[in-house]
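Here are a few exercises to work through with the structure open. Try each one yourself before you read the solution.

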Amino acid sequence: MTAEMLPPDRQPVIIAARRTPVCRTNGVLQSLRAHELLAPVLRELLAETGAEPGRVTDVVIGNAVGGGGNVARLALLEAGLPVSVPGITVDRQCGSGLDAVVLASRLVVAGGNPLYLAGGVESTSTAPLRAYRNDDGGPEFYARAQFVPAGFGDPDMGVAAENVAREFGVSRERQDAFALRSHRLALAARDAGVFDGELVTLDTEAGTAADDGPRRGLKAAVLARFPAAFVDGGTVTAGNSCFDADAASAVVITSLQRARALGAVDGLLVLGSGTAGVDPELLGVGAAAAARDVLSAAGVSVDQVDLVEFNEAFASQTLACLDQVGIDAERANLDGGALALGHAYGASGAVLVTRLLAQARRSGTPGSLALAMISSAGGMGTAALLEYQRL
């Protein structure tokens, strides 16, 4: 690929990316609300890049189940940025964090040499209870929002994962094997300190937080004993599904010209991005449609992509998407994924980008291509094509 596909003052580049540990709901991070999770990440990004807080153009943050009120603005003020810096919160459910990065990249293309902090956050532990107002004014509590009109079908996530497994022929054995792989890779990465450089340390009332999802004693025989979790006689189980989590992740994204002025030595150029819609009954495969569109628009074949990060909400939809795009599952999520680390909804898409920058820097190969993919509730998906380069 050509390193500078746009003029340097309009070419988006990600020069820093950080995340908190991803921790189980109602676990070690349960005392921190969403803005309190995100603020340390924003502070760390500014310190790492040397960017002046007052010269941040905007803070673009994804969030799915928070309490509203523009968590981006709340978090940036919590982080100590001046009141002159605005913030905007993006909601595309699970895709929100990646969509925030994509939105910021498009704003860079619009010009002006801006600098954005972009990413996502979710505190599932402190998410507010939700209720509709009955005719008598009383509350009727509900577990999740409606994603599409009833006539389109609006399945719960687990039911949709079963629909995908059946539609695309993803067997229980493949799902369990992929889940076990995710745990083993995540454990190996954590034990080797692979995640250390991307993590922001959080000290809480329960102690210093660390990724707490990967299960060391998990074995194929254990996974095989899990019953179907969502549909009688189905293949999707608690063992091959992700768990809900708390986390925050964000990046610094700016123009290539401004990145060089800041002294950045390397980064991920944003070559292309896109979103797509699919049948809501098969909502887990939206990422495949988006990835195909992005690769086609860039003139890139799947074989040219070096690094792939896909949000593993369920093994069934992960494998179905990878199959549709033509990506060997062994090439994706080389340090494990959400099946082991957990899914913090609005943060997860930004975690993918953070992982890709860390992996690209470890490989150190200029010109290597990276693909981030995530599916969203309601039958949507987002993908971004990135290129690692020395600046």
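The exercises below deal with pockets, a surface patch and salt bridges in this predicted model.

**Exercise 1.** Work out what lines the largest pocket, and which helix gives the largest share of its lining.

Solution. Start with the space itself: the largest pocket holds about 850 Å³. Next, look at the wall, where 38 residues line the pocket and Val65, Arg144, Met157, Asp244 and Tyr345 come closest to its centre. Now sort the lining by class, and you get 23 nonpolar, 11 polar and four charged residues. Finally, trace the lining back to elements: α4 (157–167) and β13 (369–376) each give at least two residues, and α4 has the largest share, with five.

**Exercise 2.** Do the same for the second largest pocket: find its volume, its lining and the helices that take part.

Solution. The volume comes out at about 300 Å³. Of the 19 lining residues, Asn63, Gly66, Gly67, Gly68 and Val71 sit closest to the centre. By class, the lining splits into 10 polar, seven nonpolar and two charged residues. As for helices, α1 (34–49) and α2 (71–78) each bring at least two residues to the lining.

**Exercise 3.** Decide whether Met5 is buried, partly exposed or exposed, and say which surface patch it helps to make.

Solution. First place the residue: Met5 belongs to the segment before β1 (12–19). Its relative accessibility is 45%, so Met5 counts as partly exposed, given that this class runs between 20% and 50%. Together with Leu6 and Val109, Met5 makes a nonpolar surface patch of about 220 Å².

**Exercise 4.** Starting from Arg355, follow its salt bridges and find the network they belong to.

Solution. Take Glu198 as the first partner: its salt bridge with Arg355 has its closest N and O atoms 2.8 Å apart. In sequence the two are 157 residues apart, with Glu198 in the loop between α5 (172–191) and β8 (203–204) and Arg355 in helix α11 (residues 348–363). Check the burial: Glu198 has 3% relative accessibility, so it counts as buried, and Arg355, at 2%, is buried too.

Then turn to Asp335, whose salt bridge with Arg355 has a closest N to O distance of 2.7 Å. Asp335 is in the loop between α9 (315–325) and α10 (338–341), so this pair ties together parts 20 residues apart in sequence. Both Arg355 and Asp335 are buried. Last step: salt bridges with shared partners join Arg19, Glu198, Asp211, Asp335, Arg355 and Arg362 into one network.

Methods:
Residues are numbered from 1 along each chain as its sequence is written. This is a predicted model: local features need pLDDT of at least 70, side-chain atom pairs count only at pLDDT 80 or more; totals for chains, interfaces and linings use all residues. Side-chain values use heavy atoms; hydrogens and water are left out. On a 1 Å grid over the protein atoms alone, a cavity is a set of points where a 1.4 Å probe fits but cannot get out, and a pocket is an open set with protein on both sides within 12 Å along at least five of seven lines; lining residues have an atom within 4 Å of a point. Grid points are joined across faces, edges and corners, and a volume is the space filled by probe spheres set on the points. Helices (H or I, at least four residues) and strands (E, at least two) are DSSP runs, numbered from the N terminus. Ala, Val, Leu, Ile, Met, Phe, Trp, Tyr, Cys and Pro count as nonpolar, Asp, Glu, Lys and Arg as charged, and the others, Gly among them, as polar. Patches are made of residues with over 30% relative accessible area and no salt bridge: like charges are joined within 9 Å, nonpolar side chains (Val, Leu, Ile, Met, Phe, Trp, Tyr) within 5 Å. Accessible areas come from the Shrake-Rupley method with a 1.4 Å probe; for residues, only the protein chains shown count as cover. A salt bridge is a side-chain nitrogen of Lys or Arg within 4 Å of a carboxyl oxygen of Asp or Glu. Buried means under 20% relative accessible area, exposed over 50%, partly exposed in between (1.4 Å probe, protein chains only).
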